[in-house]
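Here are a few notes to read alongside the model, written for someone opening it for the first time. Have a look at the structure, then work through the points in order.

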Amino acid sequence: MAVDLLLGLQWGDEGKGKIVDVLTNNYDIIARFQGGPNAGHTLEFDGIKHVLHTIPSGIFHKNAINVVGNGVVIDPVIFKKELDNLQKFNLDIHSKLLISRKAHLILPTHRLLDAASEASKGKAKIGSTLKGIGPTYMDKTGRNGIRVGDLEMSDWEEKYRSLADKHESMIAYYDVQLDYDLKDLEDDFFEAVEELKKLTFIDSEEYLYQAQKDGKKILAEGAQGSLLDIDFGTYPYVTSSNTTAAGACTGLGVAPNQIGEVFGIFKAYATRVGSGPFPTELFDADGETMGRVGNEFGATTGRPRRCGWLDLVALKYAVQVNGVTALMMMKGDVLSGFEQLKVCTSYNYKGDIITHLPYNIDPENITPIYTEMEGWAQDLTKMDSPDQFPKNLNDYIHFLEKELGVPIKIVSVGPDRTQTIHR
């Protein structure tokens, strides 16, 4: 049985958590394959809003197994808070949530290193979430990291002390003012580690291989978005992992020829949190309206998101790199009320008109070229069938499908799981 993928096609915040929640009834296993608590997957149902950071978005479905894969980095303190928040829902966490032994741990000193590094960059900062993600992946590739499986070994605390001491010497190197009490941070960390050790650790690549052999349906859940991929994103303003489809293979141990459907999620407009180039960003009343109506604040950081028109050049690139087979368009309801909509269909790049994403999209090199379309005034949030869509929304959808060459199978018209229309 092939493994299906679900991932974001923009700069994150596309609405992946909601769609995983909607699709989970079709799957036996939901598996996160990269990222860490820098992710914020928001789910809303029964009048309650839930934000998950590391735990897969299928956790609220009683029949789904949720796997945190080897490509994920785990902060035990944040993970414990997530578990504490789930207690009131009476979920069978211990049998439904499995952790890969090969997943790396975020230490308190990783977060301190993150803060010191960002502070040292001044105006050149990349907009890190300061969750310790980057330093943890650096230790992973530098072959210094501590993994979940190490917690089962007798010498793990010695390994911890050695690495934490090394981090403290690195923090001193940055020569920035950083007030912290490591003993206090470590008390919380070791307490959280004890809670983590109560969960089920697995050799996840073997577990998923056997599940495939047994005919189980598996959905791999990505975090962040394709334009934040460490290789293919808007470097250096990216995350520290592979957010694209290839990351599911390395982040779960799934062979490339075992990948089935690739579901790509995008907003009907574009947003970005933190620093980095954003060709279609708006600084006018339209951008303010998108942010206000769309409630565009980071689920993890609380930072306001930058808003702009949909960028089809970047979106085509993400579709291409990921091999997307079906699209889901989120937040179509936010565009209700705009008399005119714009879609970027090409760039003026240093005097040449191009339709592909170039190496550099800094504003001094790029001017977006737009196609204008008629907007719609109707409130979409109460609609439950594509037959109810206004003509101009259908025109917008058909235009995007033609440009992207991939069908839009789902249109989201609100945050609740019930506000999801299948086409």
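1. A word on naming to begin with: helices (H or I, at least four residues) and strands (E, at least two) are DSSP runs, numbered from the N terminus. Keep in mind, too, that this is a predicted model. With that numbering in hand, you can find Asn 90 in the loop between helix 2 and helix 3, the latter covering 93–96. What is the sign of phi at Asn 90? Phi there is positive, near 55 degrees, in a residue other than glycine.

2. Another backbone spot to click on is the peptide bond joining Tyr 235 and Pro 236, which is cis, with omega at about 5 degrees. Pro 236 sits in a loop as well, the one running between strand 10 (218–221) and helix 9 (245–252).

3. Now for helix pairs, beginning with helix 2 (residues 76–86) and helix 7 (residues 182–196). Their axes come within 8 Å and cross at roughly 55 degrees. Angles from 65 to 115 degrees count as roughly perpendicular and those under 35 as roughly parallel, so helix 2 is oblique to helix 7. The crossing of helix 2 and helix 7 is left-handed. On the helix 2 side, the contact is made by Pro 76, Val 77, Phe 79 and Lys 80. Helix 7 brings Asp 188, Phe 189, Glu 191, Ala 192, Val 193, Glu 195 and Leu 196. Sorted by class, the residues of this contact come out as seven nonpolar, no polar and four charged.

4. Next, look at helix 4 (residues 108–120) against helix 5 (residues 133–141). These two pack at an angle of about 115 degrees, with their axes 7 Å apart, which means helix 4 is roughly perpendicular to helix 5. The crossing of helix 4 and helix 5 is right-handed. Which residues meet here? From helix 4 they are His 110, Leu 113 and Asp 114, and from helix 5 they are Ile 133, Pro 135, Thr 136 and Asp 139. The contact of helix 4 with helix 5 has three nonpolar, two polar and two charged residues.

5. Helix 11 and helix 12 (residues 391–404) make another pair worth a look. Their axes come within 10 Å, crossing at roughly 55 degrees, and so helix 11 is oblique to helix 12. The crossing of helix 11 and helix 12 is right-handed. Leu 312, Leu 315, Lys 316 and Val 319 of helix 11 touch Phe 399, Leu 400, Glu 403 and Leu 404 of helix 12. That contact divides into six nonpolar, no polar and two charged residues.

6. On to empty space. How many cavities of 30 Å³ or more does the structure hold? There is one, and the largest cavity has a volume of about 50 Å³. Gln 10, Trp 11, Leu 227, Ala 270, Leu 310, Asp 311, Ala 314 and Leu 315 line the largest cavity. Strand 14 (310–311) and helix 11 (312–322) each give at least two residues to that lining. Leu 315 is one of those lining the largest cavity, and Leu 315 is also among the helix 11 residues in contact with helix 12. By class, the cavity lining has six nonpolar residues, one polar and one charged.

7. Last, the second largest pocket, whose volume is about 560 Å³. It is lined by 26 residues, and the closest to its centre are Thr 42, Gly 294, Arg 305, Lys 331 and Pro 415. Helix 1 (16–23) and strand 3 (41–45) each contribute at least two residues to the lining of this pocket. What classes make up the lining of the second largest pocket? The split is six nonpolar, ten polar and ten charged residues.

Technical notes: Residues numbered from 1 in each chain as written. Predicted model: local features only at pLDDT ≥ 70, side-chain atom pairs only at ≥ 80, totals over all residues. Heavy atoms only, no water. Axes fitted to C-alpha atoms, helices over the stretch in contact; angles between N-to-C directions. Parallel < 35°, antiparallel > 145°, perpendicular 65-115°, else oblique. Left-handed = near helix turned anticlockwise from the far one by under 90°. Contact = heavy atoms within 4.5 Å. Nonpolar A, V, L, I, M, F, W, Y, C, P; charged D, E, K, R; others polar. 1 Å grid on protein atoms, 1.4 Å probe; cavity = no way out; pocket = protein on both sides within 12 Å on 5 of 7 lines; lining within 4 Å. Points joined across faces, edges and corners; volume = space filled by probe spheres on them.
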